[in-house]
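Here are my notes on the model you sent round. Please read them with the coordinates open.

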Amino acid sequence: MQAKTGKRPFIGMHFKCCHVYTRIYLNRKRTAFVGWCPKCTRKAVVRISPDGTEDRFFTAD
Ligand SMILES: [Zn+2]
């Protein structure tokens with residue numbers, strides 16, 4: 001079995017706007033996690049701090 005997307009890092013994102021939980025993935029530059037609400041397409045960005053954040057769960061207001 002081989003995943004087409006490879007092991008692309010992602011984090012769990014909870015969109016408060018629509019109460020939807022989904023995954024958002026690391027961008028190509030590997031500077032932030034970027035995703036969109038599946039219902040209203042609100043954009044969510046979680047920048048990766050230089051210190052390295054350990055949290056795996058974020059929320060978008
Ligand atoms: Zn939404």
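The points below go from confidence to strands, turns, core and the C-terminal end.

1. Basis of the notes. This is a predicted model, in which local features need pLDDT of at least 70 and side-chain atom pairs count only at pLDDT 80 or more, while totals for chains, interfaces and linings use all residues. Residues are numbered from 1 along each chain as its sequence is written.

2. Confidence. The average pLDDT (the predictor's confidence in each residue, from 0 to 100) is 83 for the protein, and 79% of the residues score at least 70. Among the elements, strand 2 (residues 20-26) has the highest mean, 94, and strand 5 (residues 57-60) the lowest, 70. Where pLDDT is low, the predicted coordinates should not be read in detail.

3. Overall make-up. The protein has five strands and zero helices, in the order β-β-β-β-β from the N terminus. Both kinds of element are DSSP runs numbered from the N terminus: helices are H or I with at least four residues, strands are E with at least two. Of the 61 residues, 10% count as buried. Buried here means that 20 or more other C-beta atoms lie within 10 Å of the residue's own; exposed means 12 or fewer, partly exposed is in between, and C-beta atoms are placed from the backbone.

4. Strands 1 and 2. These two pair in the antiparallel sense over six bridges; pairing requires that DSSP finds at least two bridges between the strands. Met13 stands opposite Thr22 in strand 2. The two strands form a hairpin with four residues between them. His19, in the loop between strand 1 (10-15) and strand 2, has a positive phi of about 55° although it is not a glycine. Most residues other than glycine have a negative phi, and most peptide bonds are trans. His19 counts as exposed because it has 8 C-beta neighbours inside 10 Å.

5. Strands 2 and 3. Two bridges join this antiparallel pair, and Leu26 stands opposite Phe33 in strand 3. Five residues lie between the strands of this hairpin. Arg30, in the loop between strand 2 and strand 3, also has a positive phi, near 60°, and is not a glycine. Arg30 has 9 other C-beta atoms within 10 Å and is therefore exposed.

6. Strands 3 and 4. Five bridges link these strands in the antiparallel sense. Phe33 has Val46 as its bridge partner in strand 4, and Ala32 stands opposite Arg47. The hairpin has six residues between its strands, and Thr41 takes a positive phi near 60°.

7. The two faces of strand 3. In a regular strand the side chains alternate between the two faces of the sheet. Along strand 3 (residues 32-36), Phe33 and Gly35 point to one face and are buried; Ala32, Val34 and Trp36 point to the other and are not buried.

8. The core. Which residues make up the largest nonpolar core? Met13, Phe15, Ile24, Phe33 and Ala44 do, five residues in all. A nonpolar core is a set of buried Ala, Val, Leu, Ile, Met, Phe, Trp, Tyr and Cys residues joined through C-beta atoms within 7 Å. Leaving out residues up to four places away in sequence, Ile24 touches Phe10, Ile11, Met13, Phe33, Val34, Gly35 and Ala44. Contact means that the C-beta atoms of two residues, placed from the backbone, lie within 7 Å.

9. The loop after strand 4. Ser49 lies between strand 4 (43-47) and strand 5. Ser49 counts as exposed because it has 7 C-beta neighbours inside 10 Å. The C-alpha atoms of Ser49 and Thr31 are 8.5 Å apart, with their positions 18 residues apart in sequence terms.

10. Strand 5. Is Ala60, a residue of this strand, buried, exposed or partly exposed? With 19 C-beta neighbours inside 10 Å, Ala60 counts as partly exposed. Neighbours within four places aside, Ala60 is in contact with Met13, Phe15, Lys16, Arg42 and Ala44. Ala60 and Lys16 are 44 residues apart in sequence, but 6.2 Å apart from C-alpha to C-alpha. Across the protein, 24% of the contacts with a separation of 6 or more are between residues 24 or more positions apart.
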